[in-house]
Structures are given as C-alpha cells and as structure tokens.
Amino acid sequence: MLEVANVSVRYGSFTAIRDVTFSVKRGEIAVLLGANGAGKSTLFRTISGLHKPVRGEIRLDGERIDSLPPDRIVGRGVVQCAEGRKLFPRMSVYENLLMGAYVHRKDKEGIRRSIEHVYELFPILRDKQNAPAGSLSGGQQQMLAIGRALMSRPSVLLLDEPSIGLAPLIVEQMFATIKQINEGGTTILLAEQNAHAALSIAHRGYVFENGTIVASGTAEELLANDDVRKAYIGA
Amino acid sequence: MAVFANRRLWIAVLAALALAFPLLVTNSYYLHIMTISFIWMIAVYGLNLFAGYTGYLSLAHAGFFAMGAYALGILTVKVGVPFWLAFVLACLFTTLLGAVIGLVALRTKEHFFAIYTLCVGYIIYLVIDKWDSLTGGVRGFIGIPAPADIGPLSFQTPVAQYYLVLFFLFAVIFVMYRLVYSLTGRTYIAIRNSEELALTLGISTMKNKLASFVLSVFFTSLAGALYASFIRFLGPDIAYISVMFDFLTYLLVGGIGTLAGPVVGTLLVTFLSQQLQFLQDYRMLIFGPILTLLIIFYPHGIAGGFIRYQAKRKEARRLEPEANRAAAELAVSSQGRGERHAEEG
Ligand SMILES: Nc1ncnc2c1ncn2[C@@H]1O[C@H](COP(=O)(O)OP(=O)(O)O)[C@@H](O)[C@H]1O
Ligand SMILES: [Mg+2]
C-alpha cells in the first residue's frame, strides 16, 4: 500500500538517499535495518513530507503523496513517530494525546475512543494522564510518543527507532506492543538498528547502507542471510 | 486545588483593585499613568500571543501600534468618519495589512523573521515620518476626538476613559485566557515547541502561525487606536524602535508566554521608571543593571519564575509517595533500571 519508487534525497550537495525502491504491503510490519547514519530517518522524514525528494515517487494506495504538505500526508493516514521521543514536555500526558488527534479535532467521540484504546495498550499512561510528559521515564515517554501517533488513527505508522536507549526488558515489551498494534490492523514501517528484535516481529525487511538498499527479503530470509547476521546481529 | 482557588482569588482581587482605583486614588496624574499602562498592556498581550505562545519574535508591533493610532486619527479628522466606526475600521485596516505582511514574513524563521519584521517596523515609521500631507510628519497629528458617547455612556472625563480602556483590557485578557487553554492555544504552543513535530502531527503550521499573527496584530492595533483617542496627539516616535523595545521590556520582565506577564511587567517597569524620574536620563544607569539582573536570575520573567516555582513544588509533592515506594521496591529487588528522564526540549 505504501510504495517508495526510485527516491533520492539530498541535503545540499550531499546525497543522503540514492535511488531507493521498496514497498510495504497492507497489514504488514516492514523493517528498515541500518546502522547510524544509513539514512533511515531521512527516508522517514521524506515519506512524511518534511523533505522533498529530488527524484522518484512516493505513493499511497497508488496515489502520489510526495508533493503533499506534511499535514495533508497525516490526513491521508501516514503518520510518523519520530526518533528521540519528541513530546511536549510541559503539557500533560492527556494533552499530548489530544494533540496527536489534531486531524480529528472535530470528532470528540472518536477522540475519546482513541484515548481509551491507547490507555488499553499502555495502561501506565492512564495512571499518569495528568503528569507533565517531561516527568515520565524514557520507556513511558516512548509509549506516549507512540500513543500520540496512534491518536491520528494511522493506516501506516512509521516508527523511527522506538527501542533506542531503552532497557532490554522494556524493549521486549515495546516490540510486543508494536506487534499488537499491527494485529489491530495498522500497517507498520519500522526503522531499527536492533535487527534481531525487529526481525522477530517483522514480515519483511530491507537492509539500508549509505542511503541505498543492499539486501531485502522476508524476515526469515534475512535472519538466515550470513552478511546480515554478521553486520547486524553479531552472530 | 488550593492553588487554583488561590489564583482565582488573586484575579478577583486585582480586578476589584483596578475597578476601584479611580475611587481610591483621586490624583489625576496617577489616573493618567494607569490608563496609559493599560493601553501598553493590551499592546504587550498582542506581542505575547505571537512571541510568547507561538515562538516568533515580531519587531514590527510598534509599527502596528502606530498604524492603529494613525488610522484612527486620519479616519476621524481627515475623512470625518464617526468615531466608533473609525475605531473599528482602524483596527481592521491594520489587521488586514498585518495579514498581508504576515503572509510574506512567515516564510522566514527565527532571526530572519525578527530582522524582517524589524525592517517592516522601520518602514512603517518612515512612512509616518515622511508622508507629511497625510500624517503631519514630524510636527505630529492633532485634533483627534475623544471617544464618542455610546447611548448614555460618555467618555469625556479621564475617569470614564480609564474605565473604557479597562474594559478593553479585560476583554483582551479574557480572550487570551480562553485561547491559551483551548486546542488552538495548545497548537500555538506546539508550534513554539517544535514546528517539525507540529507538522508530523498534522498541524498546518503556516495557517496557524498566520492566524496567531493576525490576532496578535489586532490586539496591538486596538491598543494603538485607544492610545490615539486617549492622548489625542500623535507623533511618529510612537512607531519608533524604542517603543518596540519598551513593549519587549514589559513582556520580558513580566514573563514571556505567561498570561500574567504583560500586566506584571508593565506595572512594575512603569512604576520603577516613575520612581526614578528625578534622575532624568540617568535613570537608565540604574534601570539597565536592574533589568540585566532580572533577566539573568529570572529568565522567564517574574510571572514565569513564579509558575515554575509552583510547578516544582507541586511535582515534588506528587513524587514524594512515588519516590518512597520506588525506594522500597529497590531495596527489595534491586532492579534499578537505567531509564533516563528526558530533558525538556
Ligand atoms: N539536516 C541534515 N543536514 C545534512 N545532513 C544530514 C542532515 N540530517 C542527516 N544528515 C546526514 O544524512 C545521513 C543520514 O542520516 P539519518 O537519516 O539521520 O540516518 P539514520 O536515521 O539512519 O541514522 C547522515 O550521513 C547524516 O549525517
Ligand atoms: Mg535516525
């Protein structure tokens, strides 16, 4: 349903992404594996419309979205949860969630249901709903960031390194919840350095190096691929 | 809850004091100073909406203030429009021009926006200063009528004018209060926090910034129109950059991005400069260092510093039981996880 075709992205004269083509099928979890600086975030920002590609097309259900402004892309159901849990630290947990539902701001009843849904996924957020977001722990902030992205009821959710900087036990929970979100019907594109954990829940993966895709396949194929194992799993 | 009740009480006391002021203080000089302060406050609220809540420092606001004032003067004196119609038209005209300027200016960000609006402000000053036939140029513009009667209400006396200005101040504060606690207000704050983050949530930052800018210009032009009808003499210096920096001083001292900031800052700075008046031009020697110290120790202004202090106390009280429980858990299972508390952006 989400197709990226021959996309190149530049920062000035530096080409961060070169001729990248891949797709995510409806209902899937696709993972984009790559080391720091490979270009994962740049690609996400391009899909979200924060950067314009110099070449190529990005399509959602066959329709081009690469020339739309970012807010319209969110309106189409493609929503990103950016790297580094960017929250509104002085707003409460509840207010942060409300901001996530901005595109549905007139639908009070729908917002109430979405909040309930997020609280079911992350019960801790209900307990902390009146606390300022800045006072949450790292794991809770990541949950809030994902919860806020879900408030816009995305059909495609882009998750940029949700596990970064979290304790191993929390990471495990995080991936279990991502799987649960996917089973609820949301298509997910996940950017990760943590290949093992990511591939354990993904259907399909793409390996990204220096702005190009160097390997791709189903999760099983990638896990069995020696080069991938060496580079990203360390076994 | 106590804090909230407390705040309501404060607001009620301050409002009552403002209402009773002309009865308590019969000295007409103080009444004049107070009325003028209220007019500055309205202008500073305008600046606060955009600079404080939306995060864009506009340096054109003295220009918009002057434009509101001159538009009222020109419409009433040169065109002969009835006062209240001219009053509305002056604000609308300035706001409309603000919208056009905003459309262009908001294509720039941060320092570039500040510099761009600085230039706009200066151009407005130049136009007023040089367009002799329309504005009277350096000689100034005289003969602006006092506010016309509305039914049985007459605004000829200083006390009546005081209440008229106070009415507009209350109205502006009320609108600001409702706005800041609404989704629209939170949207502006989101843009101030991070425009990119706001965009990824589906917020059209351009539309929202423009709306905020236009409302901000409206408030400031309203202050200008009130100024014209209260002072009834205009010179080009009200568009000058020093007026802009007065606005900024009031806002910074009081607390940028706070609801009480414009009131606190304007009152305090006006009071201080009154007290130091005997020093004449040397008063800046005292005033400058005081201001510097304030900015160093209270970077969020007086109201901002107070809010932060209260938030800290509240947070400490909230965390106390939690901290105790966490300590107990730690002692039992020693499962201290290295989860970071993220810093504020
Ligand atoms: N704003 C920017 N300006 C210039 N270069 C950038 C910018 N952001 C990222 N880059 C460069 O683009 C490359 C890809 O970065 P990024 O997309 O953040 O990678 P990843 O998310 O995979 O770590 C890196 O070489 C990085 O230095
Ligand atoms: Mg990244």
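## The open sheet in chain A

Two strands count as paired if DSSP finds at least two bridges between them. With that in hand, here is a look at this predicted model, starting with a sheet in chain A. Four strands make up this open sheet, in the order E2-E1-E4-E5, and their pairing is antiparallel. Strand E2 (14–24) and strand E5 (63–64) of chain A sit at the edges with a single partner strand each, so one side of each has no neighbour in the sheet.

Further in, strand E1 (residues 2–11) of chain A pairs with strand E4 (residues 55–60) of chain A through five bridges, in the antiparallel sense. On the other flank, E4(A) is joined to E5(A) by two bridges, and that pair is antiparallel too. As a general point, side chains in a regular strand alternate between the two faces of the sheet.

## A:Arg59 and its partners

A:Arg59 is a handy residue to follow through this sheet. Within E4(A), A:Arg59 is the bridge partner of A:Glu3. The two also meet through their side chains, in a salt bridge with an N to O distance of 3.7 Å. That pair ties together distant parts of the chain: A:Glu3 belongs to strand E1 of chain A and A:Arg59 to strand E4 of chain A, 56 residues apart. Over all chains, a search of the whole structure turns up 18 salt bridges.

Looking towards E5(A), what stands opposite A:Arg59? There you'll find A:Arg64. E4(A) and E5(A) form a hairpin with two residues between them, and A:Asp61 in the turn has a positive phi of about 50°.

## Another hairpin, E9 and E10

Later in chain A there is another antiparallel pair: strand E9 (residues 204–209) and strand E10 (residues 212–218), joined by six bridges. Here A:Arg204 faces A:Thr218 in E10(A). The E9(A) and E10(A) hairpin has two residues between its strands, and A:Asn210 takes a positive phi near 45°.

## What surrounds ligand 1

Ligand 1 has a run of chain A residues around it, including A:Gly37, A:Ala38, A:Gly39, A:Lys40, A:Ser41 and A:Thr42. A:Tyr11, A:Phe14 and A:Ala16 are also among the residues around the ligand, as are A:Ala35 and A:Asn36.

For the polar side of things, which backbone offers a polar atom 2.7 Å from an oxygen atom of ligand 1? That one is A:Gly37. A polar backbone atom of A:Lys40 is 2.8 Å from an oxygen atom of the ligand. With A:Thr42 the side chain is involved: an N or O atom there is 2.4 Å from a ligand oxygen atom.

## Where chain B meets chain A

The contact between the chains draws 36 residues from chain A and 27 residues from chain B. About 2,800 Å² is buried between the two chains, and 59% of that is on carbon and sulfur atoms.

Two salt bridges are counted between chain B and chain A. A:Glu95 forms a salt bridge with B:Arg186, with the closest N and O atoms 3.8 Å apart. The count of residue pairs in polar contact between the chains, with both residues at pLDDT 80 or more, is also two. On the chain B side, helix H8 (183–193), helix H9 (195–200) and helix H14 (301–333) each supply at least two of the residues touching chain A. H8(B) gives the most, with six residues. Sorted by class, the side of chain B that touches chain A has ten charged, nine nonpolar and eight polar residues.

How values were computed: Residues numbered from 1 in each chain as written. Chains lettered and ligands numbered in written order. Predicted model: local features only at pLDDT ≥ 70, side-chain atom pairs only at ≥ 80, totals over all residues. Heavy atoms only, no water. Contact = heavy atoms within 4.5 Å. Buried area = accessible area lost by both parts, 1.4 Å probe. Salt bridge = Lys/Arg side-chain N within 4 Å of Asp/Glu carboxyl O. Polar contact = N/O pair within 3.5 Å; in protein donor to acceptor, adjacent residues only side chain to side chain. Nonpolar A, V, L, I, M, F, W, Y, C, P; charged D, E, K, R; others polar. Near = heavy atom within 4 Å.
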